[in-house]
Amino acid sequence: MNIKFITELMLKAGLFAFVVVLLYQIIIKYILKLKQQDSTKVRIYKNLFLFYVAMLFYVTLYRDGINIEKIFNTNVNTVNLVPLINTFRMLPIDSGVFLYNMIGNILWFVPLGLALNSLYGKRLKESMVIVVISTFGIEILQFIFNQGITDIDDIIFNVIGGFIGYIIYNIVKKNR
């Protein structure tokens with residue numbers, strides 16, 4: 001993974017997420033004419049959370065575009081069910097891929113742990129169940145849409161990230 005690829009991916013994902021949030025606001029406010037009961041601060045946080053979810057969706061499922069031929073080409077799908085072996089094999093070969101795979105997968109799910117705790121008041125067990133279901137769902141969709149590798153390591157690192165986000169919120173809340 002090079003810096004140019006990651007930068008372009010983040011810019012595209014950010015633009016995609018911005019459009020999703022904008023469309024959401026237009027639908028809520030002008031089409032459905034729903035009155036939002038939340039404070040401005042909570043609405044901002046919820047929009048940031050929606051922005052995050054849209055970016056996560058883009059990066060994990062749409063980064064290479066959706067190609068119908070690729071979806072139905074089952075010979076390309078790669079599944080790794082052996083925990084951590086392939087990730088640590090990458091370290092001496094390509095430390096950038098290793099870091100992106102491990103650190104990137106952890107960091108992508110920190111906001112989910114934060115949001116589940118802060119915005120929705122979920123307890124640790126509920127939050128972790130939601131994180132596991134979310135990351136498992138992403139891996140299944142990656143397999144179906146033939147995007148990337150369906151990898152048990154991603155699930156492990158994503159859950160660690162969700163847990164870290166949950167803990168960070170509790171530490172910040174306790175120190176206020």
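Let's start in the second largest pocket: its lining divides into twelve nonpolar residues, one polar and two charged. For that split, Ala, Val, Leu, Ile, Met, Phe, Trp, Tyr, Cys and Pro count as nonpolar, Asp, Glu, Lys and Arg as charged, and the others, Gly among them, as polar.

A quick word on what we are looking at. This is a predicted model, where local features need pLDDT of at least 70 and side-chain atom pairs count only at pLDDT 80 or more, while totals for chains, interfaces and linings use all residues. Residues are numbered from 1 along each chain as its sequence is written, and side-chain values use heavy atoms, with hydrogens and water left out.

Back to that pocket. Its space comes to about 380 Å³. By pocket I mean, on a 1 Å grid over the protein atoms alone, an open set of points where a 1.4 Å probe fits, with protein on both sides within 12 Å along at least five of seven lines; lining residues have an atom within 4 Å of a point. Points are joined across faces, edges and corners, and the volume is the space filled by probe spheres set on them. Fifteen residues would be a lot to read aloud, so here are the ones closest to the centre: Tyr-45, Leu-114, Ser-118, Leu-119 and Tyr-169, out of the 15 that line this second largest pocket. H2, H5 and H7 each give two or more residues to that lining, and H2 has the largest share, with six.

Those labels need a line of explanation. Helices (H or I, at least four residues) and strands (E, at least two) are DSSP runs, numbered from the N terminus. The chain has seven helices and two strands, and along the sequence they follow the pattern α-α-α-β-α-α-α-β-α.

Now the largest pocket, with about 550 Å³ of space. It is lined by 27 residues, and nearest its centre lie Arg-63, Tyr-100, Asn-101, Asn-105 and Asp-154. Among the elements that give two or more residues here are helix H5 (95–118), helix H6 (124–144) and helix H7 (152–174). H5 supplies the largest share, seven residues. What is the lining made of, by class? Eleven residues are nonpolar, eleven polar and five charged.

One of those central residues deserves a closer look. Asn-105 sits in helix H5, and it counts as buried because its relative accessibility is 15%. Buried here means under 20% relative accessible area, exposed over 50%, and partly exposed in between, with a 1.4 Å probe and protein chains only. Leaving aside neighbours within four places in sequence, Asn-105 is in contact (heavy atoms within 4.5 Å) with Tyr-100, Asp-154, Phe-157 and Asn-158.

That takes us to H7. Asp-154, Phe-157 and Asn-158 are among the buried residues of this helix, as are Gly-161, Gly-162 and Gly-165. Their cover includes S1, H4, H5, H6 and S2. H7 has 23 residues, which should span 33 Å at 1.5 Å a residue, and its end C-alpha atoms are 33 Å apart, so the two agree. The expected span is 1.5 Å times one less than the number of residues. At the start of H7, a side-chain oxygen of Asp-151 comes within 2.9 Å of the backbone nitrogen of Asp-153.

Asp-151 and Asp-153 turn up again when we move to strand S1, the place of Asn-80. Asn-80 touches Asn-86, Thr-150, Asp-151, Ile-152 and Asp-153, not counting residues up to four places away in sequence. With 8% relative accessibility, Asn-80 counts as buried. Its side chain makes a polar contact of 3.4 Å with the side chain of Asn-86. Such a contact is a pair of N or O atoms within 3.5 Å; within protein, one must be able to donate a hydrogen and the other to accept it, and residues adjacent in sequence count only if both atoms are side-chain atoms. A polar atom of the Asn-80 side chain also lies 3.1 Å from the backbone nitrogen of Val-82.

A little further on, in the loop between S1 and H4, is Leu-84. Phi of Leu-84 is positive, near 70 degrees. Most residues other than glycine have a negative phi.

Last stop, the other end of the chain. Helix H1 (residues 3–31) has 29 residues and reaches 40 Å, close to the 42 Å expected. Its buried residues, including Leu-9, Ala-13 and Val-21, pack against H2.
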